[in-house]
Amino acid sequence: MEILITCLVSLIAALIIFIAIRSRKITITDWLLLAVTEAEKQLGSGTGQQKLKRVYLWFTERFPVASYFVSFDIFSAWVDKALDIMEWILEIGEDGNGKD
């Protein structure tokens, strides 16, 4: 009986953590846009891996619980998406409507 209760409590805790991470995804996405921009300012171009590692360090400091559940590979994919969004934003800024 004790094992069943322990498993049930663990399952509920995992579900709560999963929901918390999913509900903060927008916050993490917004934060990633700011973080990759700041890393670009600090390290400049041609330093992709250094920037990725720096942003990951900042992520683990800013979102410590989420960092336990997000692998570096998944985080790297999130950064790639944030960079795509940033590139799109810059394109819109250059010509006003995103079209060439």
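**Exercise 1. Which residue forms a salt bridge with Lys51, and how far apart are the closest N and O atoms?**

Keep in mind that you're working on a predicted model.

Step 1: Look for the partner. Lys51 pairs up with Glu40, and their closest N and O atoms sit 2.4 Å apart. The cut-off for a salt bridge is 4 Å, so this pair passes.

Step 2: Place both ends. Lys51 belongs to helix H3 and Glu40 to helix H2, so the pair ties together parts that are 11 residues apart in sequence.

Step 3: Check the exposure of each end. Lys51 has a relative accessibility of 14%, so it counts as buried. Glu40 comes out at 33%, which makes it partly exposed.

Step 4: Count. By this rule the total is 1 salt bridge.

**Exercise 2. Work out what lines the largest pocket and which helices supply the lining.**

Step 1: Start with the volume, which is about 190 Å³.

Step 2: Go through the lining. Among the residues there are Val36, Leu52, Val55, Ser76, Asp80 and Met86. Both salt-bridge partners from the first exercise, Glu40 and Lys51, are on the list too.

Step 3: Assign helices. H2 (25–43), H3 (48–62) and H5 (72–95) each give at least two lining residues.

Step 4: Sort by class. You should get 6 nonpolar, 3 polar and 3 charged residues.

**Exercise 3. Decide whether Trp31 is buried or exposed, and find how far its C-alpha atom is from that of Phe59.**

Step 1: Find the residue. Trp31 is part of helix H2.

Step 2: Apply the cut-off. Buried means under 20% relative accessible area. Trp31 has 16%, so it counts as buried.

Step 3: Get the distance. Trp31 and Phe59 are 28 residues apart along the chain, and their C-alpha atoms are separated by 8.8 Å.

Step 4: Put that in context. Of the 100 residues in the protein, 23% are buried.

**Exercise 4. Find the residues that form a nonpolar surface patch with Met1.**

Step 1: Locate Met1. You'll find it in the segment before helix H1 (2–23).

Step 2: Check its exposure. At 75% relative accessible area, Met1 is exposed.

Step 3: Add the partners. Leu4 and Ile5 join Met1 in the patch, and together the three have about 380 Å² of accessible area.

**Exercise 5. How many helices and strands does the protein have?**

Step 1: Count them up: 5 helices and 0 strands.

Step 2: Write the order. Starting from the N terminus, the elements read α-α-α-α-α.

Notes
Residues numbered from 1 in each chain as written. Predicted model: local features only at pLDDT ≥ 70, side-chain atom pairs only at ≥ 80, totals over all residues. Heavy atoms only, no water. 1 Å grid on protein atoms, 1.4 Å probe; cavity = no way out; pocket = protein on both sides within 12 Å on 5 of 7 lines; lining within 4 Å. Points joined across faces, edges and corners; volume = space filled by probe spheres on them. Helix = DSSP H or I, 4+ residues; strand = E, 2+ residues; numbered from the N terminus. Nonpolar A, V, L, I, M, F, W, Y, C, P; charged D, E, K, R; others polar. Patch = residues over 30% accessible without salt bridge, like charges linked within 9 Å, V, L, I, M, F, W, Y side chains within 5 Å. Areas by Shrake-Rupley, 256 points an atom, 1.4 Å probe, with all protein chains shown as cover. Salt bridge = Lys/Arg side-chain N within 4 Å of Asp/Glu carboxyl O. Buried < 20%, exposed > 50% of the residue type's maximum accessible area, 1.4 Å probe, protein only.
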